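Me: I would like to learn how to read the packing inside a protein model, starting with burial and moving on to rings, cores and cysteines. Could we go through it one feature at a time?

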Amino acid sequence: MSKILQGKHFIDTEDWADDELELMLATAGDLKRKFYRDEPHALLRDRTLFALFFEQSTRTRNSMEAGMTQLGGHCHVLTPDKLQLSHGETVMDTARVLGRMGHGIAIRNCDFGVGNKFMRQIAEISRVPLINLQCDVYHPCQAAADIMTVREKFRGETRGRKIVVSWTYAPSYVRPISVPQSEILIMTRMGLDVTLAHPPEFKLMPEIIERARANAKRSGGKFETVDDMDAGFEGAHVVYPKSWGCLVHEPDRAAAVQHIEKYPGWICDERRMKLAAPDAIYMHPLPATRGQEVTDAVIDGPQSVVWDQAENRLHTAKAIMALTM
Ligand code: CP
C-alpha cells in the first residue's frame with residue numbers, strides 16, 4: 001500500500017492532487033476486486049476510526065463501519081448525545097482526545113455556515129487524518145463513489161460526456177448543498193461537460209461555481225448553468241437529479257421550504273429521461289424521495305445505476321481509509 005497519502009486529511013476533493021485522486025480510485029477498484037474474490041485485504045489491522053455523526057446516515061455510516069471491519073480494523077460510531085459534547089465539552093477537545101486513542105477521525109456535520117469551518121479547525125490540531133463524511137459545503141466521499149461509478153459505466157471513456165446535475169422538488173426537509181457542490185467540482189475536474197440546472201433561488205455558492213469553471217478550463221471540459229430542467233437533460237449521458245435547499249439565497253429553513261413548494265414539476269420521470277442520450281444513466285446519492293424527486297419507473301428502471309453507486313461508497317471509503325490511516 002502506497003504511503004504517500006498517509007496522514008492526509010480528506011475534507012474536499014480539491015485538496016487532493018490529480019495523482020492522489022487517481023491513486024484513491026485505483027485502490028478502490030483493487031479493493032472492489034478483492035471484495036468480490038473474497039481475498040483478504042486487512043490493510044488496517046488493529047487500527048481504530050472514530051466516526052462522529054451530527055446527522056443521520058445510512059450509506060456513509062455503513063460504508064465506514066463495514067469498510068473498517070473488512071480492512072481488519074474497527075470503527076466506533078459516535079453521536080453527540082452519547083458523548084460529553086451533550087454536557088458542553090467542545091468538539092475540539094473531543095477531537096484531541098479521540099486522536100490520542102485511534103488512527104483516524106471522521107465527521108458529518110452539515111450545519112450551514114458551521115460544518116466546514118469546524119472540520120478545518122479540527123484538521124489544524126488533529127494528529128490523525130480527518131475524513132469529511134459530509135459538511136455544509138462538501139461531500140467528498142460521495143463524489144469519490146460517483147466518479148468511480150461513471151467511469152465504470154462508460155468503461156473509462158468519460159471525457160466529453162455530458163452530466164446534468166439538476167435540482168429536484170422534495171419539500172419534506174431542506175437538504176444540504178454539499179452533494180451538488182462536490183459533484184460539479186469532481187466532474188469538471190475529470191473532464192466531463194457539466195450542466196448545472198436549478199430554479200433561480202437554488203444557486204450554489206459563488207466560489208464553488210468559480211472553481212468548477214476553472215476546473216473545466218483546466219481539464220478541457222465544459223461548465224454551464226441553466227434554469228430549465230428539460231434543457232439540462234437534453235443529450236446528457238449522466239443525469240444526476242436531486243433536491244437541495246436554497247441555503248445561499250435563503251438560510252431560514254421555513255422560508256426555504258416555501259421556495260421548494262413553487263417547483264413541483266422538477267421531477268425526473270420517463271419523459272425527461274427520453275430527452276437524455278439513449279445510453280444515459282440515472283444517478284442519485286440516495287436517499288431519494290420517490291414520487292417527488294424521481295418516479296419509481298426511473299429509479300427502478302434499466303437506466304438506473306443507484307445501487308452500484310451506493311455500493312461504490314464502500315469501496316471508495318475503504319480506499320480513502322486504507323490510504324490515509
Ligand atoms: N448519500 C449519503 O450520504 O447517504 P447517507 O446520508 O445515508 O449517508
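Reply: We begin with burial, and a residue is called buried when its relative accessible area is under 20%, exposed when it is over 50%, and partly exposed in between. This is a predicted model, and in it both W167 and Y263 are buried.

Me: How many aromatic pairs does a search of the whole structure find, and what is the geometry between W167 and Y263?

Reply: Two rings are taken as a pair when their centres lie within 6.5 Å, and planes over 60 degrees apart count as edge-to-face. Searching the whole structure gives seven aromatic pairs. One of them joins W167 and Y263, whose ring centres are 5.9 Å apart with 85° between the planes, and it is therefore edge-to-face. Because W167 belongs to strand β5 (residues 162-167) while Y263 sits in the loop between α9 (253-260) and α10 (270-275), this pair ties together parts that are 96 residues apart in sequence.

Me: Which aromatic pair do W167 and W266 form, and which residues make up the aromatic cluster with them?

Reply: W167 and W266 also form an edge-to-face pair, at 5.9 Å centre to centre and with 70° between the planes. Here again distant parts of the chain are linked, since W266 lies in the loop between α9 and α10, 99 residues from W167 in strand β5. Both W167 and W266 are buried, and one aromatic cluster is formed by W167, F202, Y263 and W266. A ring may also have a charged group over its face, as with R175, which lies over the face of Y173 at 4.0 Å from the ring centre.

Me: Turning to the nonpolar core, which residues have the most contacts inside the largest one, and which helix gives the most to it?

Reply: A nonpolar core is traced by joining buried nonpolar residues through their side-chain atoms. The largest such core has 104 residues, and those with the most contacts inside it are M24, M64, I131, I184, Y282 and M321. Helix α12 (residues 306-324) gives the most to this core, contributing seven residues. The core draws at least three residues from each of domain 1 (13-139 + 310-324) and domain 2 (142-309). For a view from one residue, M321 touches, when residues up to four places away in sequence are not counted, L44, L49, S63, M64, G67, M68, L71 and I131.

Me: Why is C135 not in a disulfide with C110, and is C135 buried or exposed?

Reply: A disulfide calls for two cysteine sulfur atoms within 2.5 Å. The closest cysteine sulfur to that of C135 is in C110, and because it is 7.1 Å away it is too far for a bond. C135 counts as buried, at 0% relative accessibility. C246 is in no disulfide either, the nearest cysteine sulfur, that of C110, being 17 Å away, and C246 is also buried at 0% relative accessibility. By this rule the count comes to zero disulfides.

Me: To finish with two single residues, where is T195 found, and how is G160 placed?

Reply: T195 is found in strand β6 (residues 193-197) and is buried, with a relative accessible area of 3%. Setting aside neighbours within four places in sequence, T195 is in contact with K162, I163, V164, V165, E224, V226 and G232. G160 lies in the loop between α5 (140-153) and β5, and G160 is partly exposed, with a relative accessible area of 42%. Beyond residues up to four places away in sequence, G160 touches G191, D193 and H237.

Technical notes:
Residues numbered from 1 in each chain as written. Predicted model: local features only at pLDDT ≥ 70, side-chain atom pairs only at ≥ 80, totals over all residues. Heavy atoms only, no water. Phe/Tyr/Trp six-rings, centres within 6.5 Å; stacked < 30°, edge-to-face > 60°. Helix = DSSP H or I, 4+ residues; strand = E, 2+ residues; numbered from the N terminus. Buried < 20%, exposed > 50% of the residue type's maximum accessible area, 1.4 Å probe, protein only. Lys NZ or Arg CZ within 6 Å of the ring centre and 35° of its normal. Core = buried A, V, L, I, M, F, W, Y, C linked by side-chain atoms within 4.5 Å. Domains from an automatic or database assignment. Contact = heavy atoms within 4.5 Å.
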